[in-house]
Amino acid sequence: MKAGHVFHDGRRRPGRPRRSSTGHAILKATREILGRSGVHGLTVEGVAARSGVAKTTIYRRWRSKEDLALAALLEVIQQEPPALPHVGSTMTALSAYLRRLVDNLNVKLYGRIIRGLISDLGVDAQLAKGFRERVLARRVAAVTQLLQRGIERGELRRDLDLEIGVDLLLGPIYYRLLISGEPLTGAFVDRLVRAMMAYGR
């Protein structure tokens, strides 16, 4: 009899329950390896050895090391503070949100995971879909909300193209992170926001 088997009426047979701590141990080991070696140094074998969890158990939950890295990134993102309150001007709110994003990207673990995953997005459609829907969509939604509030308050023109506005704010940040290597600073964020406000008025 297998532990934890469920009867047809919904009752569960006695047995050792599946430990929720297993997933935490796997992701903790994943984060530690990513922080030291990046995505390219991550292996399922290494995670198994560090976490003490069998490879077969890991593969039942995540299909590849890239999926593991994405899961670790999502766990880091979920630990972020709640969205910034809508106080102050639109310029102030945008600067505050994007400064926090830049601070996160400058953190060794966060930035290394992003940079490591990007190289695989072009060849792994499932990974790319997960990254867009669970990471980028979060950023796009937050910036869109702040721009929409600016329109409602009369700080931005009513015919502002929100999609272009989001691209103008987020695009240069990820360009610096992934392509040019130029520093991501608070001063750079403030310049971006000023340019966006000039375009949007």
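These exercises walk through the fold, surface and charged contacts of one protein chain.

The model is predicted, so local features need pLDDT of at least 70 and side-chain atom pairs count only at pLDDT 80 or more, while totals for chains, interfaces and linings use all residues. Residues are numbered from 1 along each chain as its sequence is written, and side-chain values use heavy atoms, with hydrogens and water left out.

**Exercise 1. Describe the fold of the protein chain.**

Step 1. Apply the rule for elements: helices (H or I, at least four residues) and strands (E, at least two) are DSSP runs, numbered from the N terminus.

Step 2. Count them. The protein chain has nine helices and zero strands. Its pattern along the sequence is α-α-α-α-α-α-α-α-α.

Step 3. Check the contacts, meaning heavy atoms within 4.5 Å. Of the contacts with a separation of 6 or more, 66% join residues 24 or more positions apart.

**Exercise 2. Sort out surface and interior.**

Step 1. Take the area. Accessible areas come from the Shrake-Rupley method with a 1.4 Å probe; for residues, only the protein chains shown count as cover. The protein chain has about 11300 Å² of accessible surface, and carbon and sulfur atoms hold 54% of that.

Step 2. Sort the residues. Buried means under 20% relative accessible area, exposed over 50%, and partly exposed in between (1.4 Å probe, protein chains only). Of the 201 residues, 43% are buried.

Step 3. Try one residue. Glu-75 lies in helix H4 (residues 65–78). Glu-75 has a relative accessible area of 16%, so it is buried. Leaving out residues up to four places away in sequence, Glu-75 touches His-24, Leu-27 and Arg-31.

**Exercise 3. Find a nonpolar patch on the surface.**

Step 1. Set the rule. Patches are made of residues with over 30% relative accessible area and no salt bridge; like charges are joined within 9 Å, nonpolar side chains (Val, Leu, Ile, Met, Phe, Trp, Tyr) within 5 Å.

Step 2. Name the members. Ile-164, Leu-168 and Tyr-199 form such a patch, with about 220 Å² of accessible area together.

Step 3. Look at one member. Leu-168 belongs to helix H8 (residues 162–180). Its relative accessibility is 37%, so Leu-168 is partly exposed.

**Exercise 4. Trace the salt bridges.**

Step 1. Define the pair: a side-chain nitrogen of Lys or Arg within 4 Å of a carboxyl oxygen of Asp or Glu. The structure holds 10 salt bridges.

Step 2. Take Asp-124 and Arg-63, which meet in a salt bridge (2.8 Å, N to O). Asp-124 is in the loop between helix H6 (108–121) and helix H7 (125–152), and Arg-63 in the loop between helix H3 (55–61) and H4, so the pair ties together parts 61 residues apart in sequence. Asp-124 is buried at 15% relative accessible area, whereas Arg-63 is partly exposed at 37%.

Step 3. Add a network. Salt bridges link Lys-28, Glu-32 and Arg-50.

**Exercise 5. Follow Arg-157, then look for other ring contacts.**

Step 1. Find the partner. Arg-157 forms a salt bridge with Asp-159, with the closest N and O atoms 2.9 Å apart. Arg-157 is partly exposed at 27%, and Asp-159 is exposed at 61%.

Step 2. Test for a ring. A charge sits over a ring if NZ of Lys or CZ of Arg is within 6 Å of the ring centre and within 35 degrees of the ring normal. Arg-157 lies over the face of Tyr-199, 4.8 Å from the ring centre.

Step 3. Add another case. The charged end of Arg-176 sits over the ring of Phe-188, at 3.8 Å from its centre.
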